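Here is a short set of exercises to work through with the model open beside you. Try each task on your own before reading its solution.

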Amino acid sequence: MKSIRNFSFDTKCVHAGTKEDQYGSVITPIYQVSTFKFKNAAHGARLFSGEEDGYIYTRMRNPTIEALEDSIAILEGGAKALACSSGMAASHTLIATLLNNGDHVICSESVYGPTLTLLQNIMSRFGIESTFVDTSNSENVKNALKPNTKLVFVETPGNPTLVISDLQQIADLAHNHRAKLAVDNTFMSPVLQNPFKFGADYIIHSLTKFLNGHADVVGGVIVLKEQSDFEKFRKSLNQFGGVLEPFNSFLVHRGIKTLKIRMERHCQNAQKIAEYLESHKQVEWVSFPGLPSHPQYELAKKQMYGPGGMISFELKNGLEAGKILMDNVRIWQLAVSLGGVESLIQHPASMTHASMGKEAREKASITDGLVRLSIGIEDAGELIEGLEEGFSKI
Ligand SMILES: *Cc1c(COP(=O)(O)O)cnc(C)c1O
């Protein structure tokens, strides 16, 4: 029989990971249970020694969590996956499992903010040193390699600029140096980019975003390319303790069933909205991998199956225009996060980064007119009308 790993992506989204149970359930139910009973003392001893396979305690293993993990491992083409309580728990567990005191990490400078501060402010206290470079130019990675570099951590497309890094080139550079490559694939989901195909060793996702897709769960995952890494990671996640709950695992697994069709719609809508914005007289520039004006448009076509659902753009009239747009858009909701079926809009200078001050914002490439959109699956024409309502008031 054909293994689920050899089916198309559409079929994998619906079926991958689902466990058979004694009742013939069509989906994997929620095993909302913290602990599993032993048949007798000898059975308990066998489970603990690893002599027999089975469930002991949910922080160690749980069928609902495992169903989700198997589905994501299959979608990414990895050996195994480990579901974590958030995307940040996944990044922390990955870095703290792989690296030792004295090791060095190279990380994309255009990276999710808390990933940067995790490395810069917390891992540094444990003797793990990091260098942040513009990984969209692979030369910068090459120049940052040091004898103690053990990990290159790339986010592509990067947050919030949507610059794209060449995974194949960076994987080769890392491997020639005996370092590992980890990729944050949150913005793409396994539908639009498969980092293992280009040589990545580890993938992380914030499940909170496209994989769950419905703005009702915070979660993360580490995907391992090699089975041989599994025991080490399983043990360290068990000891760090940041595991995903069974109920949240169930919700994400349910979300994944529609991942492929959602991603197609996110991409189609985003393409139309990016084209509308690029021709808009109030817009200075648009960053979207599906526009020929994107600096890595050719690389995007080579490495990604679609442009994704995220757009950044700059308003001509800066801070004031941004505030007016935020207060007058329709349908669009003002919120952080991304990847849900509902469209979100965010103006960092007047909202999330307002307290930072203009100078510090500029250092972090957050200009006054920068707006970030997470494109949902609503009607594209109505989304454009909803934006135009805001633009018309500027
Ligand atoms: C949201 C996000 C994270 C962190 O995920 P949480 O689930 O919020 O902890 C990491 N990387 C990227 C690219 C993200 O968008």
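## Exercise 1: The ligand and its polar partners

In this predicted model, a nitrogen atom of the ligand lies 2.7 Å from an N or O atom in the side chain of Asp184. Starting from that pair, describe the surroundings of the ligand.

**Solution.**

Step 1. Begin with the oxygen atoms of the ligand. One oxygen atom is 2.8 Å from a polar side-chain atom of Ser206. For Thr208, a polar side-chain atom is found 2.7 Å from an oxygen atom of the ligand.

Step 2. Next, ask how much of the ligand is covered. On its own, the ligand would expose 380 Å², and the protein buries 93% of that area.

Step 3. Widen the view to the whole shell. There are 14 residues around the ligand, and those that come nearest are Gly87, Asp184, Ser206, Thr208 and Lys209. Sorted by class, the shell holds seven polar, four nonpolar and three charged residues.

Step 4. Finally, place the ligand in the protein: the space it takes is the largest pocket.

## Exercise 2: Two cis peptide bonds

Which peptide bonds are cis, the one from Thr156 to Pro157 and the one from Asn159 to Pro160 being the ones to inspect, and where do Pro157 and Pro160 sit?

**Solution.**

Step 1. Look at omega for the bond from Thr156 to Pro157: the value is near -5°, and the bond is cis.

Step 2. Do the same for the bond from Asn159 to Pro160, which is cis with omega near -10°.

Step 3. Now locate the prolines. Pro157 belongs to the loop that runs between strand 4 (149–155) and helix 7 (167–176). Pro160 is likewise placed in the loop between strand 4 and helix 7.

## Exercise 3: Positive phi at two serines

For Ser189 and Ser337, find the backbone angle and the setting, then decide how accessible each residue is.

**Solution.**

Step 1. Take Ser189, which is not a glycine and yet has a positive phi of about 65°. Ser189 is located in helix 8 (residues 189–192).

Step 2. Check accessibility. Buried means under 20% relative accessible area, so Ser189, at 1%, counts as buried.

Step 3. Turn to Ser337, another non-glycine residue with positive phi, here about 75°. Ser337 lies in the loop between strand 10 (333–334) and strand 11 (344–346).

Step 4. With a relative accessible area of 29%, Ser337 is partly exposed.

## Exercise 4: Contacts of a loop threonine

With which side chains does the side chain of Thr135 make polar contacts of 2.8 Å?

**Solution.**

Step 1. Find Thr135 in the loop between strand 3 (129–133) and helix 6 (138–144).

Step 2. Assess its cover: the relative accessible area of Thr135 is 3%, so this residue is buried.

Step 3. Trace the contacts. One polar contact of 2.8 Å links the side chain of Thr135 to that of Ser108. A polar contact of 2.8 Å also joins the side chains of Thr135 and Ser165.

## Exercise 5: An aspartate in a loop

Is Asp368 buried or exposed, and how many Å separate its C-alpha atom from that of Met304?

**Solution.**

Step 1. Locate Asp368 in the loop between helix 14 (358–363) and strand 12 (370–374).

Step 2. The relative accessibility of Asp368 is 14%, so this residue counts as buried.

Step 3. Compare chain and space: Asp368 and Met304 are 64 residues apart along the chain, and their C-alpha atoms are separated by 30 Å.

How values were computed. Residues numbered from 1 in each chain as written. Predicted model: local features only at pLDDT ≥ 70, side-chain atom pairs only at ≥ 80, totals over all residues. Heavy atoms only, no water. Near = heavy atom within 4 Å. Polar contact = N/O pair within 3.5 Å; in protein donor to acceptor, adjacent residues only side chain to side chain. Areas by Shrake-Rupley, 256 points an atom, 1.4 Å probe, with all protein chains shown as cover. 1 Å grid on protein atoms, 1.4 Å probe; cavity = no way out; pocket = protein on both sides within 12 Å on 5 of 7 lines; lining within 4 Å. Sits in = over half its atoms within 2 Å of the grid points. Nonpolar A, V, L, I, M, F, W, Y, C, P; charged D, E, K, R; others polar. Helix = DSSP H or I, 4+ residues; strand = E, 2+ residues; numbered from the N terminus. Buried < 20%, exposed > 50% of the residue type's maximum accessible area, 1.4 Å probe, protein only.
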